[in-house]
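Visitor: I am new to this structure and should be grateful for a close look at one part of it. Would you please take me through the helices that pack together towards the end of the chain?

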Amino acid sequence: MEVKSQESNNLLKPTRTEGGLPALSTNKGKQSYSLAHLTADKASRRAIAPYVRTFRRSRIQKYSTFATSLDYAYAKAVAFYIDEDSNLMKALEVFTSQQNIIIPGSIRETAELLQELTSSAAVTLYAADNVNGELYLLPQYNDTYRHRVNEKIGLNTTVASHVAFTKKHVWTGDILADSRFPNGIGWSGVDIPVKAVICAPILTTEDEVTYIIELYRKVDAPNYTKNDAQLVVTMTAWMGAAIHQNQLRLHILRQQKLNSRLLEFINAYFGDPTGNEVRIISDMMLYARRMLFAEESSFFIINTKSQQTFEADWYSSGVDDCNEMFRRKSNKLNKLDETSTIAAYVAKAREMVNIKDLKSDERFKELHVNFTIKSRTSSEIRTALCAPLLSYGKVSGVIILTNKKFHGHFDETDENIFYYFATYSSLAMQHYGVYKELSRARNQNDVDKEVLKYHLNATDQEVEKLKNSFAFLHLPDNFFHVQWYPFNEHIAKMDEYMLCLLQSVLGDKYMRENNFPKFIVMAKKCYRNITYHNFQHAFAVTHGMTYILQKNIELFTGLELKALMVACIIHDIDHRAYTNSFLYNTNHSLAKLYSSSALENHHFYIGSMLIKECKLFTYLSKDIYNQLMKEIEVDILHTDMASHFQSRTRLAGIIEQSNFNWQNLTHRFLMKGIMMTASDLIGQTKPLPIAEKIVTNIYQEFYNQGDAEKEMGLTPLPAMDRERANLIPEDQVKFISIAVIPCNELLKAILPNTMDILNSSIALRDSWQKVIDIGNKKVWRPDESLVKKNNYS
């Protein structure tokens, strides 16, 4: 055949016709190939439903709640201007940026700046004691000394007391004439007569008064202006926010110090979880004892057997260890009781317990010196700090620190630190437990793989038998025709026929370089004994791909040919006879492993394991081998019908615009995806008698899934309900029209010599339509599909 290039399409490989790519049907554009367009009617959606991912959705209505709008309490901002380079702004910048500031001294500096900016004669600074309701005068040159009480906070005294009580600023032009303040400013630090006063509180975010700033002018000076008052009020507000910010910063710094030490502690176990349980527990105890100055620390691993009884393993360390890193474990399993041990009490109460004096604590009045918490130094237990370790809502252990050094008993600060320590310890133990389970699962997985490979492995006798049988193989008539299908007499020879298909596409050279006989034997063993997704189906799909490739073999690289053929062989390996939708709706383990295309991803995983086990393609370089495996993976994923419908729409748009380009890798991947789907649906191109048998096998799997869904309380799709078998001819017409024919049309548009595949699928659709048109839908009913349910799980 003469081959002519088509420059307008910029093809890597020449096309087979002079006119470029054959156009799609005149009434079919990109939109016509979209799934939404093709499933516009109910019957079409019913026919396609088993092949796409569907969900059983709850009808419970979800209600949304909206937060009410915030009530803003800020008054309208007052405009005033301050030079960016002013001393005041510089002081504020320094004040808010310092991490360890002396609050009174910093406020004093800011107050003096306010004095200068408002042209005040003097400024007075008070500190508020909200507990005793008193104001203290802060001296000008001694930040650490507090004067005697100047005034009780309240009304009808001084202006500062009034402001501290009302928490509002005061701006008065004549303090002596203002009846609210009979005692005036209450303090004459300077021998000058005072008249105009601005007094403002510095408030915390909790609206508590911390300091009072009092500014005043001489009698002969003008009154304060509105801008002066606005400046003072604004700056005191900023100073309150700065004080709060500094307090938070100091709290965060203290917390960071604690967290950094705790993180150092836990990082040892998250970073290196290979240590044993005794080491982790011992390090926990040593760290807790040092951190909180306890004489002894004890750890109990609790195993709950009933609501009344606890059992625990006991670990402890104490002051008499010759080496602080010494670890000891009590091998005795101690039975704990709520009234006999502190550990049992804490485990039962599920809360932290601080025992400041064990003898006088009413909760433990019946407690005697018990061996489970008795110090190895035989010293009497005076105080104890205890906390439960919670894991997934259950008490997994109890930590007990006994006998606080130096300070009598554990205080609130110790409790806070111990709370964080217990939390981190819980995480460390939980992480170690997860690591142990993961390590055990990995080891079990390795053992399972070893057993699986042993039983699936092809013996030398099996491989040699296949090679010898293949050497003398006689092919049936029309073996490579698209409508050929293996009947009962051909089933026994499918292994040899599969090798024949590989040889016809890859050639003798590739067959010699690869261990394909062993691969075929093992692949056949990995297919389950189910009615449709079995090795016979794998052969039919590979046969269909062979038919396409034989006609167009020069268009594909050697790597693509190998990937397509191997992908067809393993594309449904270890299929469970259930759809992806069923796996996701029932929360199957495969659905948990893969977020989409669970079956297809599993097929590739099993297939890649066989490829490695059979040492296929070992002659390839690492990069080429990885590229080949990626090709196989993508080809298999294309057999997921849910993915196919998306790819089909994209490719239809490309062809419609005559933009298909063999040099474009995306176009090639889309094209190979269509080839995979067309081969996967090759059963829909056979004559009606063969197609009836194929459909019977498909519906046996569908009905098995539908029965399982009924047992689970779900309503199966109509196509999976054996009571609606009369819909099969109509469903087949719809499925072929929606899924098969559009796929084959795209195939023919790029590879025109595959026209007979399209014609065969159209002929089968028409045959099913005749079954409907004769008015007797019971002419064919898959009675043999109404069989006993099979367990395919």
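Guide: The following account begins with the whole chain and then turns to the helices and the core that they share.

The model is predicted, so local features need pLDDT of at least 70 and side-chain atom pairs count only at pLDDT 80 or more, while totals for chains, interfaces and linings use all residues. Residues are numbered from 1 along each chain as its sequence is written, and side-chain values use heavy atoms, with hydrogens and water left out.

The chain has 793 residues, of which 50% count as buried; buried means under 20% relative accessible area, exposed over 50%, and partly exposed in between, with a 1.4 Å probe and protein chains only. Its secondary structure comes to 24 helices and 12 strands. Both are DSSP runs numbered from the N terminus, helices being H or I runs of at least four residues and strands E runs of at least two. Contact means heavy atoms within 4.5 Å. Among contacts between residues at least 6 apart in sequence, 69% join residues at least 24 apart.

The close look may start with helix H14 (residues 535–552) and helix H21 (residues 665–680), whose axes come within 8 Å and cross at roughly 130°. That angle makes H14 oblique to H21. Axes are lines fitted to C-alpha atoms, for helices over the stretch in contact, and angles run from 0 to 180 degrees between N-to-C directions. Angles under 35 degrees count as roughly parallel, over 145 as roughly antiparallel, 65 to 115 as roughly perpendicular, and the rest as oblique. The crossing of H14 past H21 is right-handed; a crossing is left-handed if the near helix is turned anticlockwise from the far one by less than a right angle, and right-handed if clockwise.

On the H14 side, the residues that meet H21 are His 537, Val 541, Gly 544, Met 545, Ile 548 and Leu 549, and their counterparts in H21 are Met 675, Met 676, Ser 679 and Asp 680. By class, the residues of this contact are 6 nonpolar, 3 polar and 1 charged. Ala, Val, Leu, Ile, Met, Phe, Trp, Tyr, Cys and Pro count as nonpolar, Asp, Glu, Lys and Arg as charged, and the others, Gly among them, as polar.

H21 also packs against H23, with axes that come within 9 Å and cross at roughly 130°. This makes H21 oblique to H23, and H21 passes H23 in a left-handed crossing. The contact joins Met 671, Ile 674, Met 675, Thr 677 and Ala 678 of H21 to Cys 743, Asn 744, Leu 746, Leu 747 and Ile 750 of H23. Its residues divide into 8 nonpolar, 2 polar and no charged.

Met 675 therefore deserves a view of its own, as a residue of H21 that meets both H14 and H23. Apart from neighbours within four places in sequence, Met 675 is in contact with Met 545, Ile 548, Leu 549, Phe 556, Leu 564, Leu 747 and Leu 751.

Met 675 also belongs to the largest nonpolar core, which has 110 residues; Phe 516, Phe 519, Ile 632 and Met 675 touch the most other members. A nonpolar core is a set of buried Ala, Val, Leu, Ile, Met, Phe, Trp, Tyr and Cys residues joined through side-chain atoms within 4.5 Å. Helix H23 (residues 728–750) supplies the largest share of this core, 12 residues. Apart from this core lies another, of 23 residues, including Ile 280, Met 291, Phe 410 and Met 429. In soluble globular proteins, nonpolar side chains tend to be buried together.

H23 has a further partner in helix H24 (residues 755–773), the two packing at an angle of about 165° with their axes 9 Å apart. H23 is thus roughly antiparallel to H24, and the crossing of H23 past H24 is left-handed. Among the H23 residues in this contact are Val 733, Ile 736, Val 740 and Leu 747, while those of H24 include Leu 758, Ile 762, Trp 768 and Ile 772. The contact holds 14 nonpolar, 5 polar and 4 charged residues.

Phe 702 completes the view, lying in helix H22 (residues 688–711). Phe 702 is buried, with a relative accessible area of 7%. Its C-alpha atom is separated by 4.7 Å from that of Met 720, 18 residues apart along the chain.
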